[in-house]
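Biologist: I should be grateful for a close look at a single part of this structure, explained for someone new to the subject. Please then set that part beside others, so that a connected picture emerges.

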Amino acid sequence: MFGWEFPPHIAGGLGTACEGIVKGLAHNGVGVLFVMPSASGDEDQSCAKIINASDVAVRNVSETVEEFINKVKFINVDSSLVPYVEPSEYFSAIEKMKKENVRETSVGFGQKFKFSGKYGANLLEEVSRYAQVGGTIAMQYNDEFDLIHAHDWMTYPAGIAAKELTGKPLVVHVHATSFDRGSDDMVDSRVYAIEKHGMEAADRVVTVSDLTRNIVINKYGIDPRKVVTVHNAVDFSGRDDIHVERGVRDKVVTFLGRITFQKGPEYFIEAAAKVLKRTKNVRFVMAGSGDMMDRAIRQVARLGISDRFHFTGFLRGKEVQKMFALSDVYIMPSVSEPFGISPLEAMRSNVPAIISHQSGAAEVLKYALKVDFWDVDAMADDIYALLQYPALARFATKQGYDEVNELKWNGATAKLKKVYESVVKQ
Amino acid sequence: MKKSVCLYFQVHQPSRLRLYRFFDIGKDSHYYDDFANRTILKRIAQKCYLPMNELLLEQIKKCKGKLKIAFSISGSALEQFDRYAPEVTESFRKLAETGKVEFLCETYNHSLSSLASKQEFENQVLRHKAAIEHYFGMTPKTFRNTELIYSDNIGKEVYDLGFKTMLTEGARHIMGWMSPNYLYNNEFKSGLKILLRNYSLSDDIAFRFSNKAWSEWPLTAEKYVGWLKGSDGELVNLFMDYETFGEHQSADCGIFDFMRAFTELVAKDDELEFVTPSRAAAKHRSVGEISVPEPISWADEERDLSAWLGNELQQDAFHKLYALEEKLSLADDEALWADYGHLQESDHFYYMCTKFFSDGEVHSRFNPYATPYEAFINYMNVLGDFSIRLDNAIAEKTV
């Protein structure tokens, strides 16, 4: 299994999901060799053997070198292509490369790569190197696995290389697509190409929701017969309930996530303004950071609700749980959300959740309130109702708590195992 | 003595609420989705009420008075007929004029008041009784409660209101070894006769008729009459929603032809005869009392109240609504009473049911809301405005 990160050192939800999948598979009797670019050694290895790609030398397997290069050629992306960076960084990256005179093809075999395992400026370069190392690892461990499973586009080239070199079936797991990261006209074409290639090369494409499945089918042109939805789950074991003294007597409505276009922060602010026109004893919190934060602050000021609308900045670890403990309503108005695990965390913290229909989580959460992200009237109405009608809040809280406790990885991975069996048998 | 066949049809249409946001509270006190109510009523009138009334009228004439039927038409439905399709009231009136049709009494708004307040229940019953007298010129003697809800205590209240016969469900869990095909009487008041629905034979028509996966499909009148004859007891009570004919079971599955053939066969038969509920109560002797300590209904597999009062949302909305009763008597405002009645319709609570959250197929067919949450929020917003109006009306009066 090729991943990009694994707890405890994670930047996003992907690592957490991978851990859940690996543990769930172990429960279902499936062993996993987990390959990641940069392991720290403190990962929980009780369920899977973790292979650190940074420790693996790219072997010079003479008889297959030509073959290897031919087959993995497509992943040799020019390393000056750097996504998600400011122009200044871009130029300094190029300057640095010119100085060091690094070229992809000059990388010799027998050399170890040091991966950062982050999502930085030379991400694409790392992705392509990861593919080469991935191929080598696949050859080394050829006798130990039956199937290759790759998580999100960063690992698809590694998955393809491994498939080409071993002939074993490939499953790619789509946790997010380019269309969830930017708006339709801002899609990174290089990432899109890698994603599409990975999905085409795969024997099965696993998506985290039907919403994502539809994107894979319609926007990547993948044959629906090989695309299977396995909804995410969540692991709450070993988590303590936090009790926090409240500083304010007002009710608190919370948005928690990156403040980016995809998460729909402006719809939340508009709904908040509508609710505040009607009732005063409520406060709104936007927890997180992101490229739309400044715009969000300006919007709040323009609407004249800044005395009731608060920004916390980025929260981590226990702060997240503390924020949930302080909240009466959680809201996720995402414009496009492949799954969205945080409403599950809110519900687990006894906070009723309002989520958009445009999220994968809406497909599995019966007891969350659901609205269209653009329908700020409905959103305002739901917020108001949860604050004003205690029976509704009690019901949604209690049923929601029970519901998310039932969404276990063991069930999701049982479905994943069936997907495996369908391709291994072939 | 011929075996009795008692046909009774329920006619009701709810006052569906419009999308009522909290911004509307205190600003706009029109609560109803007039467009949906009109469209749905007109559709059902064309597909069911008008053609089926005409069919029954023809059959009553053709069978020379041997076909007898009973209807219960809620006040909410009568109001909608007046507003959107007065020809429906007219066609029911023609049926009334044959003298072969009994009109039953129920709660005016198809409400759950029997479970909430003795006083409001009485109001609702008397209001409906007056409406039936007004529309059809006859005083109802038989009572059927909303959704056939019944308990020993409700029966006693109904008897005290002057009724001699009452209808309910032959629910398996209260019947035990007993058959619904006999006449029974109330646990406390032997003067109140109880007719029990034969759910199996009723549902053969109401639910299974067009189901091609059913082993008995297609159901012919001959086969069905054979089942009636073959059943035990003295009396078969076939109670169903009137919308069965042409709406739930569409015309092209042959339901109208079936009813035509079925009514003629029974009318001609030596062993069977149609009776109205009042006639059944007079003709048969009670075989004993039936004990129903907890309320039953004809809904769902459970035959209890869980479709309306099964979850906390429903219970909260229900209690909040009936908590306003005392204030309402102080306000004494006709428009408020009318809205109070419409807000009592059991349908509003049914929409909040979470029993079938996952496979809401049956429920969703009759449900304008996508989720029970939406139903609850919308209802509570309306109720919020209603309470403000109520408080204002009381304040004005005391000034």
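Modeller: When one element is said to pack against another, the two are in contact, which means that heavy atoms lie within 4.5 Å. The model discussed here is a predicted one.

The part chosen is helix α8 of chain B, which spans residues 221-230. Which of its residues are buried? They are B:Ala221, B:Tyr224, B:Val225 and B:Leu228. An α-helix has 3.6 residues a turn, so residues three or four places apart point the same way. Viewed along the axis of α8(B), the buried residues occupy an arc of 100 degrees and therefore line one face of the helix. On the face turned away from this buried side are the exposed residues B:Glu222 and B:Gly230.

Against what do the buried residues of α8(B) pack? Their partners in chain B are two helices, α7 (199-206) and α9 (255-268), together with the strands β1 (3-11), β8 (235-241) and β11 (272-275).

Another helix of chain B may be read in the same manner. Helix α4 of chain B covers residues 118-136, 19 residues in all. From its first C-alpha to its last it reaches 27 Å, close to the 27 Å expected at 1.5 Å a residue. Its buried residues include B:Phe121, B:Val125, B:His128, B:Ile132 and B:Tyr135. Seen down the axis of α4(B), the buried residues fall within an arc of 135 degrees, so they too line one face of the helix. The face of α4(B) turned away from the buried side carries B:Lys118 and B:His134, both exposed.

The two ends of α4(B) also deserve attention. At its start, a side-chain oxygen of B:Ser117 comes to within 3.3 Å of the backbone nitrogen of B:Gln119. Just after the helix, B:Gly137 adopts a positive phi of about 65 degrees.

Finally, chain B may be placed beside chain A. The contact between the chains draws 23 residues from chain A and 18 residues from chain B. The area buried between them is about 1900 Å², and carbon and sulfur atoms give 65% of it. Of the area that chain A buries against chain B, 34% is supplied by A:Arg278, A:Tyr389 and A:Phe395, more than by any other three residues.

Key. Residues numbered from 1 in each chain as written. Chains lettered and ligands numbered in written order. Predicted model: local features only at pLDDT ≥ 70, side-chain atom pairs only at ≥ 80, totals over all residues. Heavy atoms only, no water. Helix = DSSP H or I, 4+ residues; strand = E, 2+ residues; numbered from the N terminus. Expected span 1.5 Å × (residues − 1). Buried < 20%, exposed > 50% of the residue type's maximum accessible area, 1.4 Å probe, protein only. Arc of directions from axis to C-beta. Polar contact = N/O pair within 3.5 Å; in protein donor to acceptor, adjacent residues only side chain to side chain. Buried area = accessible area lost by both parts, 1.4 Å probe.
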